[in-house]
Amino acid sequence: MKQDDIAWLQCISCHTTYSLNYKGYVCEKCGDLLDIVLDLERVKVRDWQVFRERPRGVWRYHELIPVDPSRRVTLNEGGTPLIECKKLSRWAGLKKLYIKFEGVNPTGSFKDRGMTVAVTKALELGVKGVICASTGNTAASLAAYAARASLPCITVIPEGAALGKVFQAIAHGAVLIKVKGSFDQALRIVFSKAEELGYYILNSVNAWRIEGQKTLGYEVAEEVSGEYNIFIPVGNCGNIAAVWKGLTELKNLGLVEHTPRMIGVQAEGASPFAKMVEEGWETLRPVDNPQTIASAIRIGRPVNWKKALRAVKESRGDAIVVSDKEILEAQTAIARLEGLGVEPASAASVAGVRKAVEKGVVDPDEATVCICTGHLLKDLNSELFKPKALIEIEPNEEELVRGIISMVL
Ligand code: F0G
């Protein structure tokens, strides 16, 4: 079956539809965001068995991803572990807590799920090159997938992006433009220059990114049953919308009974979305100078806020704000209680759970899945990297070692 027979692009506001070959990112009529809509009647999958016979990962669900399979650009992304964390659940004050550890994706973050699909689509559309603005992970991921697809790649990075991510983009051969400003300003530059360059924008405003990232929802639903909540860090508001898209598709296909509540977590100094949810506002009030230690989610004008708001409302979810101190405490707890290394933005989800339990936003008896979006080594700017003890000795001072160990333990 042709891809166009089972899916189309559709404006989230005025519902104007476009064919899958539409190269734009927003609706031509009203300028709002686009969804990829699957005609689920025509998707023939009706039970999990079809998927389970295949290797784990994004492409296990290929019937639900309407791109040309012959051009697939993949690094075997997805299929990440869901890890039960008993000590961390006690730390957060609830019964059952799982971490979905996206840090083990090929470039160390969930972005790879979106890139495998969106770069495949970029090849299908025959674009000249690809471009993104990024707090780091999108750039690292796009650079890797562009290299694999032999597409030229430009990444536009704000001040304060974590160095591990910037070095990844450089290593994979991307052109790097450093903006003396914020992510929001970097994204504005990308929007204003992409067309002139003939480059395809691969930020999450591109619906094909969401289409790949929705598989995160499929995977969680495959592994967790019953009632549960999902806590997820929110920056540009793409991923929370993507996970919810995946879950609603499964519900509409009859593959799951329950869908979870989606609870978005933002850092105090960069929380326009959480604020909007908390206050019940219908429009986003941007933050001009966003600040947080979690540089990945240091965003003041999230592009996908309407999709994210829809996810929170439809799932009867919520949004929570956490401080930098709470994020770093959670990052340390995840690393030291469970042996899992996640970057600060990822730890926001776990910090959010603890706070939500304290505030009575969630029932501690309900199971919770925290999406930990990126790997520890991405961002070395954390208190966590201050060692418990680091004592340098000369090779002839070995008798000191016993004394030092007894002092530390
Ligand atoms: N966690 C990490 C590690 C991220 O890198 C991002 C976003 C998010 C969470 C938030 O996801 O934007 O879909 O709400 N990073 C983008 C980037 C902005 O450029 O790498 P979101």
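**Ligand, cavities and pocket**

Modeller: A backbone N or O atom of Thr-138 lies 2.8 Å from an oxygen atom of the ligand. This is a predicted model, in which local features need pLDDT of at least 70, side-chain atom pairs count only at pLDDT 80 or more, and totals for chains, interfaces and linings use all residues. Residues are numbered from 1 along each chain as its sequence is written, and side-chain values use heavy atoms, with hydrogens and water left out.

Biologist: Why is the pair of Thr-138 and the ligand called a polar contact?

Modeller: A polar contact is a pair of N or O atoms within 3.5 Å. The Thr-138 pair lies at 2.8 Å, so it counts. A backbone N or O atom of Thr-135 also lies 2.8 Å from a ligand oxygen, and for Asn-236 the distance from a backbone N or O atom is 2.7 Å.

Biologist: How much of the ligand does the protein bury?

Modeller: Taken alone, the ligand exposes 470 Å², and the protein buries 99% of that (Shrake-Rupley method, 1.4 Å probe).

Biologist: What makes a residue part of the shell around the ligand?

Modeller: One of its heavy atoms must lie within 4 Å of the ligand. The shell has 20 residues, and the closest are Thr-135, Gly-235, Asn-236, Asn-239 and Thr-373. Helices α5 (137–149) and α10 (238–253) each give the shell at least two residues (a helix is a DSSP run of H or I, at least four residues; a strand is a run of E, at least two).

Biologist: What classes do the shell residues fall into?

Modeller: There are 8 nonpolar, 10 polar and 2 charged residues in the shell. Gly counts as polar here.

Biologist: How do you know which space the ligand takes?

Modeller: The ligand takes the space of the largest cavity. To sit there, more than half of its atoms must lie within 2 Å of the grid points.

Biologist: What makes that space a cavity?

Modeller: On a 1 Å grid over the protein atoms alone, a 1.4 Å probe fits there but cannot get out. The structure holds 2 cavities of 30 Å³ or more, and about 340 Å³ of space lies in the largest one. Its lining has 28 residues, with Phe-110, Lys-111, Gly-235, Asn-236 and Ala-296 closest to the centre. The largest share of this lining, 3 residues, comes from α10.

Biologist: What is known of the second largest cavity?

Modeller: The second largest cavity has about 40 Å³ of space, and its lining includes Leu-9, Tyr-22 and Trp-208. That lining has 7 nonpolar, 2 polar and no charged residues.

Biologist: Why is a pocket not called a cavity?

Modeller: A pocket is an open set of points with protein on both sides within 12 Å along at least five of seven lines, whereas from a cavity the probe cannot get out. The largest pocket has a volume of about 330 Å³. Of its 16 lining residues, Asp-35, Lys-245, Thr-248, Glu-249 and Arg-310 are the closest to its centre. Strand β3 (34–38), α10 and α12 (305–314) each give two or more residues to this lining, and α10 has the largest share, 6 residues. By class, the pocket lining has 8 nonpolar, 2 polar and 6 charged residues.

Notes: Polar contact = N/O pair within 3.5 Å; in protein donor to acceptor, adjacent residues only side chain to side chain. 1 Å grid on protein atoms, 1.4 Å probe; cavity = no way out; pocket = protein on both sides within 12 Å on 5 of 7 lines; lining within 4 Å. Points joined across faces, edges and corners; volume = space filled by probe spheres on them.
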